[in-house]
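Welcome! Here are some exercises to work through at your own pace, each followed by a worked solution. Keep the sequence and the model open beside you.

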Protein chains: 2
Amino acid sequence: MLVKKNDADLYEQYRTKMQKIADLKAAISLLNWDQETCLPPSGAPLRGRQLTTLTALLHGLLTESSLENLLLNLEQATTPAEKEGRNVRITLEEVRRNQKYPEKFVRQLSDTVSACFHGWVAARRKNDFAIWEHLLGEMVCLKQQEARLLGYEKHPYDALLQWHEKAMTTGQLDGLFSQVRHQLSPLLSAILDRSGPAPDWLRCSFPKDRQGKFGRELLATLGFDLDAGRLDVSEHPFTVSMGNQDVRLTTRIEEGDLPGLIFSCLHEGGHGLYEQGLDEADYGLPSGEAISLSIHESQSRLWENMVGRGKSFWLHQFPKLASRFPEILGKVSLQEFYQGINRVGPTLIRTESDELTYHFHVLIRYQIEKGLISGEFRTGDLREIWNQSYRDLLGVKVPDDLRGVLQDVHWSHGSFGYFPTYSLGSFLAAQFFETARREIPGLEASLAAGDCKTLLDWLRRKIHGPGGQYPYPELCLQVTGKHLDPDCFMEYARRKYGELYGGISGLQEKAG
Amino acid sequence: MLVKKNDADLYEQYRTKMQKIADLKAAISLLNWDQETCLPPSGAPLRGRQLTTLTALLHGLLTESSLENLLLNLEQATTPAEKEGRNVRITLEEVRRNQKYPEKFVRQLSDTVSACFHGWVAARRKNDFAIWEHLLGEMVCLKQQEARLLGYEKHPYDALLQWHEKAMTTGQLDGLFSQVRHQLSPLLSAILDRSGPAPDWLRCSFPKDRQGKFGRELLATLGFDLDAGRLDVSEHPFTVSMGNQDVRLTTRIEEGDLPGLIFSCLHEGGHGLYEQGLDEADYGLPSGEAISLSIHESQSRLWENMVGRGKSFWLHQFPKLASRFPEILGKVSLQEFYQGINRVGPTLIRTESDELTYHFHVLIRYQIEKGLISGEFRTGDLREIWNQSYRDLLGVKVPDDLRGVLQDVHWSHGSFGYFPTYSLGSFLAAQFFETARREIPGLEASLAAGDCKTLLDWLRRKIHGPGGQYPYPELCLQVTGKHLDPDCFMEYARRKYGELYGGISGLQEKAG
């Protein structure tokens with residue numbers, strides 16, 4: 001492959017250009033990370049214009065005709081069977097997607113994202129959706145325009161999905177959610193019938209500094225390299241990478257919510273491990289970058305749920321946790337702790353929900369996004385639509401906007417089409433973990449012995465290493481030998497919760 | 001001015017281009033700020049390449065022919081008597097200076113700065129100049145090359161001075177330092193004869209968290225807007241601005257060094273006040289930016305020394321400080337404190353030195369820089385040259401590299417020509433403060449009443465407001481009615497220290 005000297009030279013030119021583009025993307029990432037962790041409040045408008053300028057520069061680099069010509073030549077010189085050929089084709093797609101955006105639109109969208117984000121922060125401070133509504137309305141208009149610029153066959157939402165998961169359509173998602181909803185509902189009913197009151201320790205107060213310290217220990221336990229990354233505190237946990245040696249996670253710490261710290265660290269830690277596991281030598285090329293948000297979420301949800309809400313993991317970690325908070329957890333048994341972190345029940349906040357009702361939270365957002373983008377829903381009605389959806393699907397009454405329509409940051413960033421990847425990622429996570437259990441003899445025993453490295457090595461080899469070379473359907477087939485199959489997640493759920501809530505027998509038949 | 005519609009349009013095009021350039025400069029500043037405050041250690045090589053890419057992009061924007069053509073047209077349409085005309089001419093100079101650098105050199109210099117900075121950090125960790133020497137040697141080579149690219153008439157160091165103080169030459173600096181050295185020496189001798197032992201409180205331990213809190217209070221007292229800026233901790237205090245609503249200062253906090261916290265906050269606070277006082281409406285244009293490092297240092301040194309080492313200021317602030325550390329300062333009188341922060345004597349570290357011996361520290365660096373750039377000195381001999389200079393000029397023996405040649409960050413950043421601006425700035429500060437005392441009746445009384453706003457308003461009007469419109473000689477003449485005159489600093493010093501060390505009479509005659 002690329003045996004001809006000339007082709008190899010062209011490929012090096014392509015690599016150099018992509019590395020510069022990656023540098024600029026990293027600077028944009030830092031401006032964003034800083035905006036949510038460090039930026040002085042009055043600096044918001046300046047930061048907005050700086051982000052717009054850099055975003056427009058990035059768009060300029062990605063749409064330079066010299067890059068496209070280089071890629072067209074390299075497309076001729078390679079085949080999709082080799083890594084170089086895959087990289088070239090994936091970049092060509094990215095270039096063509098960018099070419100559909102006029103620079104003016106890029107700048108307008110970036111300006112709107114900044115205004116919309118700061119408007120969301122302001123609305124949250126007042127707990128009033130009305131403050132944010134018109135800014136969200138502008139954002140939705142732009143997103144509709146973006147869908148038209150990108151083009152689509154059936155649903156405008158398909159166009160927006162491309163940025164988050166190009167291998168997925170609205171039609172497929174409708175089918176998937178319908179199937180999962182149908183299977184989850186009876187399982188949930190059965191569990192809720194048997195669910196007791198929340199244990200006392202969940203309501204206790206855990207000092208913030210000790211929580212933060214434990215969060216860092218937890219990340220080190222997973223194998224996250226804190227010399228090549230950071231953990232900070234922000235209102236909304238997120239992960240940002242400026243290259244695999246500079247991966248930054250945030251968590252939130254509240255005295256009354258130890259699980260919030262634990263599961264945000266495990267979730268963001270999963271994202272962070274993926275980013276740190278990407279191939280440094282291919283920095284800037286698709287093979288050195290994450291493939292899609294579905295695969296990204298498969299990694300975060302795998303560590304958060306399959307590992308972090310599993311009993312094996314806590315066999316080793318719980319005594320360490322209890323020794324950090326002996327005054328509270330000294331009297332709690334592992335089984336009580338395990339049951340506490342796996343309580344199932346309808347709640348108001350997605351990020352605090354259990355791993356089953358979680359998908360109803362995602363479904364609500366997915367349906368709202370589709371409705372907003374198609375024009376069926378108006379932002380003026382959004383609070384009522386949201387609250388009604390929570391009544392209908394989860395049976396809970398939303399008491400205010402903070403615990404309702406203002407809870408997620410995503411729409412303020414213009415991320416329409418992101419939410420479904422949380423569910424997709426969760427289903428993939430179950431399938432990956434099932435495969436790992438099959439392929440690694442004694443995996444649960446190694447987790448129970450405090451060894452996360454065995455699992456991480458497997459993920460590095462199977463999923464992190466290839467980076468962005470294969471879209472998720474292909475990667476899923478390579479890793480698991482099967483197509484994406486949410487039944488795998490359902491089996492995992494029935495097994496785990498059947499065991500936890502002893503009396504639930506025959507659920508498999510009932511729900512299957 | 002710019003009455004023709006067409007000219008006004010051109011000026012707006014120029015403003016838009018400059019604002020984009022300012023955005024990119026701000027992103028580079030953030031990459032740098034983050035590098036010294038947040039960057040995970042393994043991220044250093046990545047950060048280096050990101051800085052190089054953005055620096056090369058900036059160079060590209062500054063040397064675009066469309067910008068130069070715009071400026072040439074606007075030069076015809078304006079005169080230097082109007083703000084627009086001054087802005088255009090100053091930018092044209094900046095463009096032409098940038099045109100002298102080939103892109104390759106820009107990239108090489110940026111890469112070398114990153115390597116040299118991290119090498120300096122590594123050498124400090126081992127307290128061994130030898131680790132850094134070859135990297136500094138490469139840097140000096142590049143700086144010599146840079147001087148040739150920029151061109152000069154007499155001394156290659158003149159070329160490098162342009163980036164820090166374009167209105168100054170090596171010849172002028174030689175004269176200035178010779179004059180000041182001649183006048184300072186007898187004053188210093190007289191003081192040292194009368195200097196007693198250091199007071200006990202200077203050797204006490206002050207808890208770090210309370211120091212940090214006091215530092216923030218101090219900044220607020222000066223009028224620094226903490227909603228439009230931050231204070232962080234770094235090993236080497238510095239100020240970075242990403243626009244006047246996002247100005248970031250750092251300080252260093254050591255338990256055994258309360259003055260270190262106080263005077264780094266006052267020094268960086270002075271820089272920060274200047275940046276926050278620049279005209280927001282002219283963001284990106286010379287009139288909205290700092291003019292030069294001499295003027296910048298005039299602001300930092302004015303707040304650090306004329307205000308912050310003055311008795312009036314502490315009349316109001318000392319009781320507040322003492323109430324923060326009652327167990328130590330409760331028993332210390334204002335006079336004892338005032339004497340303690342104004343102790344004069346030869347020391348090893350520039351940033352910890354008194355305001356008189358300070359200029360010997362600067363002179364040593366200035367002479368070394370000139371020697372390195374001219375090729376007279378070799379980096380291999382630098383440790384010895386440094387240590388010998390300290391013996392000769394300050395009479396102290398340098399015990400190790402940390403307290404010697406490794407103490408300053410500047411050369412690792414490639415900042416040759418920066419140091420002289422500390423002395424220039426100090427002399428300007430004395431002259432500005434003298435003028436303020438003359439023009440503001442009761443200025444000392446207002447400081448003694450805890451009011452810094454009166455002085456700040458005056459500085460805003462006279463110095464911050466005009467931004468970069470006038471080079472320092474012109475600004476100095478406008479503000480003080482006189483040319484730069486270090487005698488003003490000497491008079492200030494004789495008055496202050498004559499009073500402090502009661503017996504020093506007739507010094508003015510002796511030294512004059």
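**Exercise 1.** Does Arg252(A) count as buried or exposed, and at what relative accessibility?

Before solving it, a word on conventions. This is a predicted model, in which local features need pLDDT of at least 70 and side-chain atom pairs count only at pLDDT 80 or more, while totals for chains, interfaces and linings use all residues. Residues are numbered from 1 along each chain as its sequence is written, chains are lettered from A and ligands numbered from 1 in the order in which they are written, and side-chain values use heavy atoms, with hydrogens and water left out.

*Solution.* Step one is the scale: buried means under 20% relative accessible area, exposed over 50%, and partly exposed in between (1.4 Å probe, protein chains only). Step two is the value: Arg252(A) has 12% relative accessibility, so this residue counts as buried.

**Exercise 2.** Which residue meets the side chain of Arg252(A) in a salt bridge?

*Solution.* Recall the rule: a salt bridge is a side-chain nitrogen of Lys or Arg within 4 Å of a carboxyl oxygen of Asp or Glu. The partner is Glu352(A), at 3.9 Å from N to O. The pair joins distant parts of the chain, 100 residues apart: Arg252(A) sits in the loop between β3 (247-251) and α10 of chain A, and Glu352(A) in the loop between α14 (334-340) and α15 (358-374). Helices (H or I, at least four residues) and strands (E, at least two) are DSSP runs, numbered from the N terminus. Glu352(A), at 46% relative accessibility, counts as partly exposed.

**Exercise 3.** Follow the salt bridge of Lys83(A) and see where its partner lies.

*Solution.* Start with the pair: the side chains of Lys83(A) and Asp282(A) meet at 2.6 Å, N to O. Next, place them: Lys83(A) belongs to helix α4 (residues 83-99) of chain A, and Asp282(A) to the loop between α10 (258-276) and α11 (293-307), 199 residues apart. Then check exposure: Lys83(A) is partly exposed at 27%, whereas Asp282(A) is buried at 3%.

**Exercise 4.** Where in chain B do Glu146(B) and Lys143(B) lie?

*Solution.* Both are in helix α6 of chain B, three residues apart, about one turn of the helix. Their side chains form a salt bridge of 2.8 Å, N to O, and both residues are buried. Back in chain A, salt bridges that share partners join Glu12(A), Arg15(A), Lys83(A) and Asp282(A) into one network.

**Exercise 5.** Describe how chain B meets chain A.

*Solution.* First, count the residues: 36 from chain B and 37 from chain A take part in the contact (heavy atoms within 4.5 Å). Second, look for charged pairs: six salt bridges cross the interface of chain B and chain A. In one salt bridge, the side chain of Asp246(A) meets that of Arg47(B) at 3.4 Å, N to O. Third, find the elements: α1 (5-37), α2 (44-62) and β1 (229-233) of chain B each supply at least two residues of the side touching chain A. The largest share, eleven residues, comes from α1(B).

**Exercise 6.** Why can the copies be said to meet through the same surface?

*Solution.* Compare the two sides: 100% of the interface residues of chain B are also interface residues in chain A, so the copies meet through the same surface.
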